[in-house]
Amino acid sequence: MYDNMIKIEFLSKSQNESFARVAVAAFVSQLDPTIEEITDVKTAVSEAVTNAIIHGYENKDGVVKIEAMIKDEELTVIVMDEGIGIENVSLAMQPLYTSRPDLERSGMGFTVMETFMDNLEVYSERGKGTKIIMKKNFKSLS
Amino acid sequence: MYLKFNNQDNKLVVTMIGELDHHSAEEVRSKIDDRLDRDGINKLIMDFSGVSFMDSSGIGVVIGRFKKLSLKQGVVCVTNVNGSVKRVFELSGMFKIIKPFDSIEQALSNV
């Protein structure tokens, strides 16, 4: 099993984006990460949570759940919503694609998650929500 | 997010201080657009020296201002883009259309 684990639930309000990334960053600190590694995780979590709020719940009230686990030097972060889901996941993951061109979004969310983490999996079903699983390995200093 | 505006030679310099994410992007967008419209300016210099965190929402804000000012034959450039903010910028390929400068002074004399 895991060495350590946390679960967080919060309302899908944009004010909670910074809370979510800082909370996960604080959890990660036990792995003695570099500043760059911490920023990578914060940025990826910020993208996933923003997606849940804007796209999953379409800015309406819902609950975003985060689970984070540590096993040896590996961090797993799961971001889940029970929102509208993604019709076509591979299309959504293409760089620069956005389902909401009206919102001035860059369409780079999934690309950022993929680049800043080592592994990204996206599970989604129309009407049932989206689950994002991201993993990152930390090079231990010791 | 705290924004400091400075109008120099009909160029609007906005210094952003804080974290630029989806939450703060809404405010940044509307405050910059208000200034641009109110003062009828079409040249914008966005200074990132005080931005401690930025995700892809920041890219949306910059590209959005670029599109808006392009319609008015204007320019957008960015200054003091460093560290993690720079990595997000590079990932988006934005430097192909938006010019970065090392300092506000350099940007002011080049746009």
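Glu26(B) is found in helix H1 of chain B, where helices (H or I, at least four residues) and strands (E, at least two) are DSSP runs numbered from the N terminus. The model is predicted, local features need pLDDT of at least 70, side-chain atom pairs count only at pLDDT 80 or more, and totals for chains, interfaces and linings use all residues. Residues are numbered from 1 along each chain as its sequence is written, chains are lettered from A and ligands numbered from 1 in the order in which they are written, and side-chain values use heavy atoms, with hydrogens and water left out.

**Exercise 1.** Determine whether Glu26(B) is buried, partly exposed or exposed.

*Solution.* Buried means under 20% relative accessible area, exposed over 50%, and partly exposed in between (1.4 Å probe, protein chains only). Glu26(B) has 42% relative accessibility, so it counts as partly exposed.

**Exercise 2.** Compare the expected span of helix H1 of chain B with the distance between its end C-alpha atoms.

*Solution.* The expected span is 1.5 Å times one less than the number of residues. For the 18 residues 22-39, this gives 26 Å. The end C-alpha atoms are 26 Å apart, which agrees.

**Exercise 3.** Locate the buried and exposed residues of H1(B).

*Solution.* Among the buried residues are Ala25(B), Val28(B), Ile32(B) and Leu36(B). The buried residues cover an arc of only 155° around the axis (taken from the directions from the helix axis to the C-beta atoms), which puts them on the same side of H1(B). The face turned away from that side carries the exposed residues Asp34(B) and Arg38(B).
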